[in-house]
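Hi everyone, thanks for coming. I have one structure to walk you through today, so let's put it up on the screen.

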Amino acid sequence: IYQPPYMNWASGALRGAPLICKTTHLGDLPSVFANDIAWRQSDPRQPVYRVEMFESPSGEGYLYTGVTHLHPGLIGDEYFMTRGHFHARREQGEIYFGLCGEGLLLLQDEQGKARLEQVSTGSVHIIPGFTAHRLINTGSGVLSALAVWPSLAGHDYAALAQGFALRVVEQGGQVQAKEVQNG
Ligand code: 6PG
Ligand code: NI
């Protein structure tokens, strides 16, 4: 009987198989946050998010499984978030599952239309193909979400160099989504 790797569903900790881990720090995220002055004044070594995924085969039909742990925090009034991307293979979708913490999944289609989904423990997010995605931590603890995606999907960050059409900020202790004009 094979003992599969496993995940702690409360924390998103992965165990029992080799992992690939990547930490993204504030210094890795130039021009991601709206307030560039606040970003420059922040500590570039501060971790923003860590992605842990099982080392697994890739190829047509294979899937990757990974967990994103996104720290709480603000740059100016804007919540910590992932860089966000389209898949390089645009038609490839992905599923996110909320594990712990509170946040939002920002989705945007190729026409630039953005929408938000509430991420919380047990939430299931079906990200269709042709849809950019970004996690935003609006809570006070770490936001962890499990993701499953096609191994060949790849990442296209450049297509969103101008940013998403929505920014999520804290205003008077409340979560506010603001529309932005790009370019
Ligand atoms: C993926 C997933 C997910 C994502 C991380 C970090 O396609 O690989 O959507 O693992 O990469 O949440 O987000 P960024 O890749 O946008 O930095
Ligand atoms: Ni993705």
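Let's start with the metal site. Along the chain, the donors of the nickel ion (ligand 2) are spaced as H-x1-H-x6-E-x38-H. Keep in mind as we go that this is a predicted model.

Which atoms does the protein offer to the nickel ion (ligand 2)? They are NE2 of His85, NE2 of His87, an OE of Glu94 and NE2 of His133, at 2.1 to 2.3 Å from the metal.

Now look at the last two in that spacing. Glu94 sits in strand 8 (residues 94-100) and His133 in strand 12 (residues 131-137), so this pair, 39 residues apart, links distant parts of the chain. Are these two buried or exposed? Glu94 counts as buried, because its relative accessibility is 6%, and His133 is buried too, at 1%.

What about the geometry around the nickel ion (ligand 2)? There are 6 donor atoms, and the angles they subtend run from 74 to 173°, which makes the arrangement octahedral.

On to the cysteines, since somebody at the bench will ask. How many disulfides does a search of the whole structure find? The count is 0. Why is Cys21 without a bond? Its sulfur is 16 Å from the closest cysteine sulfur, the one in Cys100, and that is too far; a disulfide needs the two sulfur atoms within 2.5 Å. Seen from the other side, Cys100 is in no disulfide either, with the sulfur of Cys21 as its nearest, 16 Å away. As for its surroundings, Cys21 counts as partly exposed because its relative accessibility is 47%.

That's my tour; happy to go back to any part of it.

Notes:
Residues numbered from 1 in each chain as written. Chains lettered and ligands numbered in written order. Predicted model: local features only at pLDDT ≥ 70, side-chain atom pairs only at ≥ 80, totals over all residues. Heavy atoms only, no water. Buried < 20%, exposed > 50% of the residue type's maximum accessible area, 1.4 Å probe, protein only. Donors = N, O, S within 2.8 Å, 3.2 Å for Na, K, Ca; no water. Tetrahedral: all angles 85-135°; square planar, octahedral: opposite > 155°, others 65-115°. Helix = DSSP H or I, 4+ residues; strand = E, 2+ residues; numbered from the N terminus.
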